Structure formats: C-alpha cells, structure tokens
Amino acid sequence: GRARPAGRQPCSCPESSMASKYSKDFKVPKDFPSVLKAFTREVLRSQPANIYEFGADYFTTLLEQLEQAEALQLAERPKLSSDELERLLQTLFEEADADRSGALSIGEFKRVIEAANIPLSKRELTQLLAEADVNNDGEIDYAEFVPLAVELVQGACARAEQADASEEAEAAARFDAETFMLHGMDRAELEKMMMTIFQKADTDGSGSLGLAEFHNCIKEADLGFTRKEVNTLMHSVDLSNDGEVSYAEFVPLCFSLLVEIMKTELMQAQPPSEVENELRKLFGGADPEGSGKIPMSTLRDLIKSADFGLTRLQIHMVLAEAVEDMEGYVKYESYVPAMAGLISRLLDVEAAKERKAMLEGVSGGARVHGCDAESLARVLRDACEGRDGGSAGVLSRGDLRAVLTSCSLGLSPKEVTALMSSVDADESGMVAYGPLVDFAFKLLLHLEQQG
C-alpha cells in the first residue's frame, strides 16, 4: 500500500465507539460516516440558505427510500400472536423499569420498543408511539400502553396483508398536509407560531425547555394539536438525548412530523354522521339525569376534550350554533347536527383554504360591523366599563350578555353566544371582560367569513 505520511499515526480508537472521561460512552452508528459524507456533499453542492430545513427535507427523502427497502424485510420478522406479543412487551418493559415505578422515560420507552423487534415499518412505529401518553413528569405509564399496542400491532399486520391504500389518495393527502397542513397554516406560519410559543415558555432565555415544560407548552398552545400530534412531537424532539428541547432541534422537524400524522388523519377523517354520534355520546355522558341541557362552559370543555383538533377560535365558532338560557344552560340535542356539520367543515382542507383566502383578502383593512380591531375593542370596553362603573374590570354573566346584546355594534344572537362561550366566571360568578374585549375582533371576523 501507499506509505503513510511522516508524523501521522493510525487512529487506535474503535470505529464503532467514542469515549471521554467527561461524558458517557456512546456508539456511533455503523453507516454514519457514509451518511454524513453524502449529506455534506449535498450541502456543499446546494449551498442552502437554511441548513436546518435542508437537512430535514434531505433526511425525510432518505427515510422514504429506506422505508421502501425496509418493507421488504418486514415479512421476514416472526409474527407473534396477541398473547405472545403482550407477554413480550410486558417482560421488556418490566426489565427496563429498574425502580418498579410503572413508568419509563421517553428514551427508555423507545429503546424497549426497538428491542421488541415489532414487525412494523418506521412510519407505523411512529404512529404506535403516538398512542403512548406522556405524563406531567415527562414519563410514560406503560401498563396502559401494552394492551393498546397489541391491538394496534395486530391491526397493522392485518392491514398489511390486504391491498395498500390507493397511492393516489395517499399522495393527495400528503400534498394537502404539506401545503396547508395545520388548520389553515402553511410551513412558514406554523414555524412563526411555534417560535412565539417556545419563546414565551422559555422564561430564562436559555433557548431550551425541559421535556415536561415542552409538553405543557404544546398542550396549552392554541394550535388545535390533537393528542396524537402532541405525542408524536414528544417522542421526536429530544435529538441530543439530554432531556432538553432546543428550538434549533425542534422547528426543522415539527412541520415534517406533523405532515405525516395529519396525512394519516386526513385519510381517516370522520364523516359528519360519526362526529354527530360522538357529540351525542359526549353530551349525554355529562347529562346523567337526562335533562337535555348542560352549561355552556361544560359544552365548550367537552368539545375541547373530544380531540377533534380544533383551535380555541374554532371551538367558539362551533358553540355559536347554540343558544344558552338565562342560567347559562344549552338544550344541546337540537344543535348537535349543526355543530357536527360545522366541525367537519372546519377540519376540511378545501374549506380551510377558502376561509384563509377570504381572510387574506381583507387583511390589513379588515372591518367588522364597520369597525377595525382597535375601534371595535374601544366600543366594547367603553360599554363594559359603563356597566361596571369603569373600575372593577368585571361583570356578572348576565350583565356581560346584556352589554353585548345592547351595545352599538348591533351584534347578532349568534355572535353574542360565541363571545359568551369564550369567558369563564370566577367563584363569585363574575367575569373579567378585558380578555374578551381583546379577543372579540378576531372571533367576530372569522364568524363573518364562515357565514
């Protein structure tokens, strides 16, 4: 072979591992050098303006190619019965649960799933992990997950034996998810919104959040994330495995991850009739005496808990279909069909595109009841302050409804109901009207466009 340059000695470190007295030993994936070399070559060739987005797109494409090869290998994995798979998962989880707490960290949980060698593609494994709920400590209670995992795996295997879903339908769903993915937001809008949410939660300005903080941040964000979307993000964000989520790690992956899960949800979208049945079941469960009516606030909380993927704004648009009595109750049965139809339309991609186009057409010069955002807020604030004397900042629900009904804006009953659904009374029955005044223009504008 060729002579080695003078003064340069061969590296004695094993190819598969690196060590330092200041950090834990870790394994370098076998094919990592070649993958990194190929990626570096593409970066140098393309000179991307945003290397994070370029990297996310590059590795998404690479993953799709690997999944095609992986599909050929899945058939070689042993197929387990339901009982065998349940015993295997339970044993692996218990072995990994050293302190017998019944919960594992996200990293431990993912390692158990990988060790189980479940006959699923990486995409199906991502969908499986989306069912693993993360608790407030950033851990997963695995006892509840095992039976669900068995059911999902067996279902996936059964589906795999049937014809795959139409490629054309899947491509159309992915296109809709990529171009208009999150209830009317495209990629740029989603990333801007996530930046705002992340920075608001990052009170110390460190640029990162703990996993539990990140979990609460995502759950409380007004983005209409479903439970599966929250779980998908939680299982994917800690790239450095240090228990922290940095914005630099998170934002390039956020869009691509949610595109995949939303694509699946679009292909499995519930028709209005199923939404209607689900609403009746929810409302009936909150009305054990069969009175036919429940408080508006309960109605709102039930729709939010249904995990339809509606934002706060959309929930109040749905509630505008109902009418509450003077005690704040709604006779819900007659409104269920209209609510179900509106929920289905709000989640429909084409309808969302139409709404966005209309809203963009009036952006900047938008007016509701002849007022821009500032003047409308002023009218409502003056009316509320006139009712409470201008000092307390609170009104009873009855007084607030009376103000909205009689103010100079000429609000319709539907608009009044939507606005009232957005407020909560304190223990003394009083409502702070400031947040409502600030929120009113946005809600009324969307109601107008929906109408």
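Modeller: Let's begin with a term we will need: a disulfide is a pair of cysteine sulfur atoms within 2.5 Å. This is a predicted model, where local features need pLDDT of at least 70, side-chain atom pairs count only at pLDDT 80 or more, and totals for chains, interfaces and linings use all residues. Residues are numbered from 1 along each chain as its sequence is written, and side-chain values use heavy atoms, with hydrogens and water left out.

Colleague: Thanks! How do you know that Cys-371 is in no disulfide?

Modeller: A search of the whole structure finds zero disulfides. For Cys-371, the nearest cysteine sulfur belongs to Cys-407 and is 9.2 Å away, so the pair fails the distance cut-off for a disulfide.

Colleague: And what makes the sulfur of Cys-407 too far for a bond?

Modeller: Its closest cysteine sulfur is in Cys-384, at 8.4 Å, and that is too far for a bond.

Colleague: Why is Cys-371 called buried?

Modeller: Buried means under 20% relative accessible area, exposed over 50%, and partly exposed in between (1.4 Å probe, protein chains only). Cys-371 has 12% relative accessibility, so it counts as buried. Cys-407, at 9%, counts as buried too.

Colleague: Why does Gln-47 count as exposed?

Modeller: Its relative accessibility is 58%, so Gln-47 falls in the exposed class. Gln-47 sits in the loop between α1 (32–46) and α2 (51–74), and its phi is near 50 degrees, a positive value in a residue other than glycine. Arg-100, in the loop between α3 (82–96) and β3 (103–105), has a phi near 55 degrees, again positive in a residue other than glycine. At 60% relative accessibility, Arg-100 counts as exposed.

Colleague: What makes Glu-131 buried?

Modeller: Glu-131 has 12% relative accessibility, so it counts as buried. This residue is found in the loop between α5 (122–129) and β4 (139–141). Contact means heavy atoms within 4.5 Å; leaving aside neighbours within four places in sequence, Glu-131 is in contact with Phe-145, Leu-148, Leu-152, Arg-227, Lys-228 and Asn-231.

Colleague: What makes α19 mostly covered?

Modeller: Six of its eight residues are buried, namely Glu-415, Val-416, Thr-417, Ala-418, Leu-419 and Met-420. Helices (H or I, at least four residues) and strands (E, at least two) are DSSP runs, numbered from the N terminus. The protein chain has 20 helices and 10 strands.

Colleague: Which residues of α18 and α19 meet?

Modeller: Arg-397, Leu-400, Arg-401, Leu-404 and Thr-405 in α18 meet Val-416, Leu-419 and Met-420 in α19. The axes of α18 and α19 (residues 413–420) come within 10 Å and cross at roughly 145 degrees. Here axes are lines fitted to C-alpha atoms, for helices over the stretch in contact, and angles run from 0 to 180 degrees between N-to-C directions.

Colleague: Finally, which elements have the lowest and the highest mean pLDDT?

Modeller: pLDDT is the predictor's confidence in each residue, from 0 to 100. Strand β1 (residues 17–20) has the lowest mean among the elements, 45, and helix α18 (residues 397–406) the highest, 92. Over residues 1–24 the pLDDT is below 50, and beyond near neighbours in sequence this stretch has 12 contacts in the model. Where pLDDT is low, the predicted coordinates should not be read in detail.
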